[in-house]
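Colleague: I would like to go through this model with you. Please keep each answer short and end it on what I asked for.

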Amino acid sequence: MAATTVFNDVKIAATPNPPTFNTVAEERLHRKQRLASAFRLFAKFGFSEGVAGHITARDPELPDHFWVNPFGMHFAHIRVSDLVLVNDEGEVVEGSRPINAAAFAIHSRVHTARPDVVAAAHAHSLYGKTWSSLGRLLDPLTQDACAFYQDHSLFSDYTGVVYDTSEGDRIAEALGHRKAVILQSHGLLTVGGTVDEAAWFFISMERCCQSQLLAEAAGKPLKISHESALIAQKQVGNARVGWFQYQPLWDLIVREQPDLLD
């Protein structure tokens, strides 16, 4: 039986800790590698939609700067060397391509409002945007969905493509202290203390949207009780587990597509 630890009187499977770094340069490279891997995985899972979607990683030395995908490059082609560094004014300070204006409007405000957030992920994935049209939170129907129980919110003020940082501020306010927000009629946004965590919870949330859509199409699904959902949330929805869940995906994509590290 796997070793466990106890957190707030709840047993949690013991998992490794995220790595630590001796230099800022090492940490920056690690974040950029994980960011490039997240784009490749999003492409592999079909989350790309034209030029829409963005994942960001805060720079470890310049906390008001973040790394992001260049505008108009397919997720499946992004390498570490393609990533763009943007400052708090939306100016590209490293890289040769422009960025998506919506990426800056949303992510800059989320990073500013949440100093604990290293990474934020948003894409127009099929089931996430479909679920978002209902204007509802996810229900605790499965163990996986419990990761988001009382830890995601709804932003219901859709007014078109987000180009204004004031709307980014409202999205950040709706997100609050949580790990995810459903952007009504738009899609999903997840955050984390590592790129791995933010990317994993986006992937998982997309699948939870798919699962609930299927369950409701088939009948009337039964919700997990409040008490059990809270226990499961601590077990499968904490930051360390989110980071660890991503590690097999990292191994998979680097073995399949090692050029992402270029």
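The questions below go from the whole chain to its cores and then to one residue.

Modeller: This is a predicted model, in which local features need pLDDT of at least 70, side-chain atom pairs count only at pLDDT 80 or more, and totals for chains, interfaces and linings use all residues. Residues are numbered from 1 along each chain as its sequence is written, and side-chain values use heavy atoms, with hydrogens and water left out.

Colleague: What radius of gyration does the protein chain have?

Modeller: The radius is taken over C-alpha atoms, and the globule rule is 2.2 Å times the number of residues to the power 0.38. For 262 residues a compact globule would come out near 18 Å, and the protein chain agrees with this. The value for the protein chain is 18 Å.

Colleague: What percentage of the residues in the protein chain is buried?

Modeller: Buried means under 20% relative accessible area, exposed over 50%, and partly exposed in between, using a 1.4 Å probe and protein chains only. Of the 262 residues in the protein chain, the buried ones make up 50%.

Colleague: Which element supplies the largest share of the largest nonpolar core?

Modeller: A nonpolar core is a set of buried Ala, Val, Leu, Ile, Met, Phe, Trp, Tyr and Cys residues joined through side-chain atoms within 4.5 Å. The largest one has 45 residues, and F42 and Y246 touch the most other members. Helix 1 (24-44), helix 5 (195-218) and helix 7 (239-256) are among the elements that each supply at least two of its residues; helices (H or I, at least four residues) and strands (E, at least two) are DSSP runs, numbered from the N terminus. The largest share, 10 residues, comes from helix 5.

Colleague: How many residues are in the other core, which includes V162 and I171?

Modeller: This core lies apart from the largest one, and L189 and V191 are also among its members. Its size is 15 residues.

Colleague: Is T165 buried or partly exposed?

Modeller: T165 is found in helix 4 (residues 165-175). Leaving aside neighbours within four places in sequence, T165 is in contact (heavy atoms within 4.5 Å) with F104, A105, S108 and R109. Its relative accessibility is 31%, so T165 counts as partly exposed.

Colleague: How many Å apart in space are T165 and T194?

Modeller: In sequence, T165 and T194 are 29 residues apart. In space, C-alpha to C-alpha, the separation of T165 and T194 is 24 Å.
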